[in-house]
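This report describes the ligand site, the pockets and the cavities of one protein model. The sequence and the coordinates are shown first.

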Amino acid sequence: MSVGTAISRVWPTPATGPLNDPELAALYGRADRPHLRVNFVASADGAVTLQSYSAGLSGEPDKRVFGLLRMLCDGLVVAAGTLRHEGYRAVRLSEDRRAWRRANGLTEYPTLVVVSGSLDLDPTQACFADAPVRPLVLTRAGVDPPPGLTAVADLVRCGAERVDLAAGLAELRRRGLDQLLCEGGPHLFGALTAAGQVDELCLTVAPLLAGAGPGRITAGDSSTPRHLPLRHVLAADDGVLMLRYARDPGDPPPAGAAPAA
Ligand SMILES: NC(=O)c1ccc[n+]([C@@H]2O[C@H](COP(=O)([O-])OP(=O)(O)OC[C@H]3O[C@@H](n4cnc5c(N)ncnc54)[C@H](OP(=O)(O)O)[C@@H]3O)[C@@H](O)[C@H]2O)c1
């Protein structure tokens, strides 16, 4: 069990005492059908970065939940912009978390899925070169990979002018990646929202004012506003809030979502 800043549930039912990792994992859980969860951290005044990185917004409680969400997923989806900018490293999980995955019939590590229309990717970046599971790159037709990329990753091509996210996610599901965790960035989140693909948003709110300048957690394509019910509110002793919003399993897919196969 992880120790550090205590995290407690304050809504819907205040829980007594801090939550341990198994209790936290159970609160987030895995859905019983294909599911896309998006995870972001923002400041109280809505900034997605501090000095252009997310690290300044994130603390120990957020990192703990971030790691648990990785433990729970089949595929870890990240846009090329964030992968390049944040210098993504290979996905690593502690022995406890790998044991949890084995006990739950999952592969030891989730598969990294990089979304890139340009294929401007560096095959020597650690997320590819040191990956414990061969990553997938979701891209579009007619773009040539840089030398060495196909030695370290498999390309999945969906769409002509840009990456067709609905078709791409359907292909990931066909390959057994049902439970997807998207770690951003904002342009990918905006495009997934517009394509009606987002089932859940996990949002950490850091107790600080970043001031004007940084963008929001979403960017790019506009979409029709849609209600997303609140599922829980967790609070850490340092004032960080962790909010989970998810659509009802029985809800019809939102406008823009691909019809069920
Ligand atoms: N606070 C947080 O939780 C958090 C989380 C993640 C990122 N961030 C921050 O967000 C910033 C980066 O975000 P960003 O919005 O500039 O970029 P982004 O969403 O991370 O990446 C955009 C890139 O995704 C690829 N892409 C391919 N198909 C796409 C599609 N259909 N729709 C959208 N993107 C597609 C393209 O890559 P190609 O150029 O290769 O074609 C595009 O340039 C960084 O500062 C990072 O630190 C913050």
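Helix 8 makes the largest contribution to the lining of the second largest pocket, with four residues. Helices (H or I, at least four residues) and strands (E, at least two) are DSSP runs numbered from the N terminus. The model is a predicted one, in which local features need pLDDT of at least 70 and side-chain atom pairs count only at pLDDT 80 or more, while totals for chains, interfaces and linings use all residues. Residues are numbered from 1 along each chain as its sequence is written, and side-chain values use heavy atoms, with hydrogens and water left out.

**Second largest pocket**

The second largest pocket has a volume of about 600 Å³. Among the 23 residues of its lining, F189, T193, S223, T224 and R226 are the closest to its centre. The elements that supply two or more residues to this lining are helix 8 and strand 8 (200-206). Pockets and cavities are defined on a 1 Å grid over the protein atoms alone: a cavity is a set of points where a 1.4 Å probe fits but cannot get out, a pocket is an open set with protein on both sides within 12 Å along at least five of seven lines, and lining residues have an atom within 4 Å of a point. Grid points are joined across faces, edges and corners, and a volume is the space filled by probe spheres set on the points.

**Largest pocket and ligand**

The largest pocket has a volume of about 1200 Å³. Of its 45 lining residues, S54, T82, E86, Y88 and E183 are the closest to its centre. Strand 2, helix 2 (60-72), helix 3 and helix 8 each give two or more residues to the lining, and helix 3 provides the largest share, five residues.

The ligand takes up the space of the largest pocket; a molecule sits in a pocket or cavity if more than half of its atoms lie within 2 Å of its grid points. In the shell around the ligand, the elements with two or more residues are strand 2 (35-43), helix 3 (80-85) and helix 8 (186-194). Helix 3 gives the most to this shell, with five residues. The ligand is surrounded by 27 residues, of which V48, T82, E86, S116 and H187 are the closest; a residue counts as near if one of its heavy atoms lies within 4 Å.

Oxygen atoms of the ligand have polar side-chain atoms at 2.6 Å from T82, at 2.8 Å from R84 and at 2.3 Å from E86. The protein covers 82% of the 920 Å² of accessible area that the ligand has on its own, as given by the Shrake-Rupley method with a 1.4 Å probe.

**Cavities**

The whole structure holds three cavities of 30 Å³ or more. The largest cavity contains about 60 Å³ of space. Its lining consists of G29, R30, A31, H35, R37, L69, L72, C73, Q179 and L180. Strand 2, helix 2 and strand 7 (179-182) are the elements that give two or more residues to the lining of this cavity.

**Residue classes**

Ala, Val, Leu, Ile, Met, Phe, Trp, Tyr, Cys and Pro count as nonpolar, Asp, Glu, Lys and Arg as charged, and the others, Gly among them, as polar.

| Site | Nonpolar | Polar | Charged |
|---|---|---|---|
| Shell around the ligand | 12 residues | 11 residues | four residues |
| Lining of the largest pocket | 17 residues | 17 residues | 11 residues |
| Lining of the second largest pocket | 12 residues | eight residues | three residues |
| Lining of the largest cavity | five residues | three residues | two residues |

Definitions and conventions. Polar contact = N/O pair within 3.5 Å; in protein donor to acceptor, adjacent residues only side chain to side chain.
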